[in-house]
Amino acid sequence: MQRALFRRSAPLAQQAAAAFDNQLAARSAPLLQRGDRSMSSLTIPPPACMLRPLEAPLRYLFGPGPSNVPPRILAAQGRPIIGHLHPEMYTIMNDIQRGIQYIFQTENNMTIAMSGSGHAAMECAVFNTVEPGESVLVAINGIWGERVAEIAERMGANVHRMVKAPGGYFSNKEIEQAVKKHKPVLFFLTHGESSAGLCHPVDGIGDICRKHNCLFLVDTVASLGAAPIFMDKQNIDILYSGSQKALNAPPGTAPISFNERACHKMFNRKTKPVSYLFDMTHLSNYWGCDGQPARLYHHTGPVSGFFALRESLAIIAEKGLEESWRKHKEVADYLYRGLEDLGLKLFIPEAELRLPSVTTIAIPDGYNWRELLAYIMKHHQMEMTGGLGPSIGMVIRIGLMGYNCEKSNVDMALNALADALTNCKKSKV
């Protein structure tokens with residue numbers, strides 16, 4: 001079914017481009033003829049690879065992301081480009097803001113989409129709210145806390161780490177004790193820790209941070225659209241995500257939102273943020289959040305990427321956010337039962353702590369996880385992945401999110417796993 005959908009979507013993205021290409025070819029023909037008559041001064045010839053057509057295989061992306069993109073979003077991204085400062089582009093950006101506010105469940109005015117992946121939003125959050133020498137507390141139970149800690153250290157923050165093994169979670173009591181001890185200006189927590197398959201509880205943590213005058217920063221790159229999150233109700237000060245997982249847009253844009261507490265901190269700094277590109281003083285104007293009558297040039301945003309992000313947010317708005325949460329849970333539960341029927345062990349034992357979008361299984365005894373994944377890719381054209389960061393060698397990760405969140409895809413994934421377990425060598429040790 002997916003193969004047919006992808007084939008049908010190709011003409012949608014190509015029709016407008018074909019007419020445009022014909023016009024350009026007619027205009028450029030005389031120039032090319034004149035160029036052929038001149039002596040070339042080039043010493044580096046055209047690379048042979050650039051004289052071949054682009055080839056990209058169709059694969060089932062059942063890993064932690066990116067996920068397969070629906071034809072409707074591919075078609076939106078393939079629409080004719082417009083200027084990044086055109087009024088129509090500002091309208092699209094305004095639509096994106098409203099869509100992010102809906103999926104974040106926030107009324108924050110300071111809500112934008114970064115030009116970049118989730119890492120761009122991660123750095124934007126830290127760079128704008130933390131100054132050199134300030135205390136930052138980071139909860140680490142997978143790779144994303146490690147990344148934030150390193151980012152904060154690189155810009156001169158005094159970083160304190162709360163560390164647990166992949167799959168571990170922090171109680172509110174532990175968090176409050178650490179906040180009291182280190183007195184951070186910012187506390188970071190990953191809601192959807194995709195490297196371990198954990199969906200961390202959030203309730204009450206925002207209250208702790210407000211009690212101790214600390215900003216609460218939450219990463220929802222892997223969980224947004226798949227697991228409930230309520231930015232305003234849960235007193236989250238800064239929330240960010242990425243476009244390429246349950247949102248189902250291609251990688252390259254990253255929603256982020258700051259509440260009034262966060263805005264007060266970042267717009268009353270003593271020093272400028274270390275990044276010009278991620279400086280919210282400029283980005284807030286570019287996105288029309290600063291109340292100024294004119295939006296000024298800051299950088300060239302990814303126009304086609306914004307087309308795709310707007311369409312992905314529209315799809316979720318049409319279906320309903322609660323329905324998206326419900327479906328991800330239903331399909332994840334179906335996957336859990338199938339994995340257990342194969343004799344596999346789920347890495348996160350507590351069902352309520354499992355991330356619906358990315359499921360982790362303990363590597364089965366006696367198998368080389370790399371061989372299992374290579375076999376599945378070779379024989380089924382299907383991506384599953386191993387661990388990431390501290391979970392490498394501990395888990396295999398299966399992601400079924402957004403467009404891929406279907407029971408039929410669960411059946412395909414289980415069939416591929418069963419085939420690999422049957423045909424890959426098992427050590428006797």
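Colleague: What does the secondary structure of the protein come to, and how are helices and strands recognised?

Modeller: The secondary structure comes to 13 helices and 14 strands, where helices (H or I, at least four residues) and strands (E, at least two) are DSSP runs, numbered from the N terminus. This is a predicted model, in which local features need pLDDT of at least 70, side-chain atom pairs count only at pLDDT 80 or more, and totals for chains, interfaces and linings use all residues. Residues are numbered from 1 along each chain as its sequence is written, and side-chain values use heavy atoms, with hydrogens and water left out.

Colleague: What makes the protein as compact as a globular protein of that length?

Modeller: The radius of gyration, taken over C-alpha atoms, is set against the globule rule, which is 2.2 Å times the number of residues to the power 0.38. The protein has a radius of gyration of 24 Å, close to the 22 Å that the rule gives for 429 residues, so it is as compact as a globular protein of that length. Along its principal axes, the C-alpha trace spans about 75 × 65 × 45 Å.

Colleague: Why is Val-138 called buried?

Modeller: Buried means under 20% relative accessible area (exposed is over 50%, partly exposed in between, with a 1.4 Å probe and protein chains only). Val-138 has a relative accessible area of 0%, and is therefore buried. This residue lies in strand S3 (residues 135-140), and, leaving aside its neighbours within four places in sequence, Val-138 has contacts (heavy atoms within 4.5 Å) that include Val-148, Met-162 and Phe-188.

Colleague: How do you know that Phe-347 is buried?

Modeller: The relative accessible area of Phe-347 is 18%, so by the cut-off already given Phe-347 counts as buried. Its place is in the loop between helix H11 (321-341) and S11, and, not counting residues up to four places away in sequence, Phe-347 touches Ala-362 and Val-395, among others. In S14, Val-395 is the bridge partner of Ala-362.

Colleague: How do you know that S11 and S14 pair, and what makes S11 and S13 edge strands?

Modeller: Two strands pair if DSSP finds at least two bridges between them, and S11 and strand S14 (residues 395-399) pair in the antiparallel sense over five bridges. Three strands form an open sheet in the order S11-S14-S13, with antiparallel pairing. Strand S11 (358-362) and strand S13 (385-386) each have a single partner strand, so one side of each is left without a neighbour in the sheet, and both stand at the edges.
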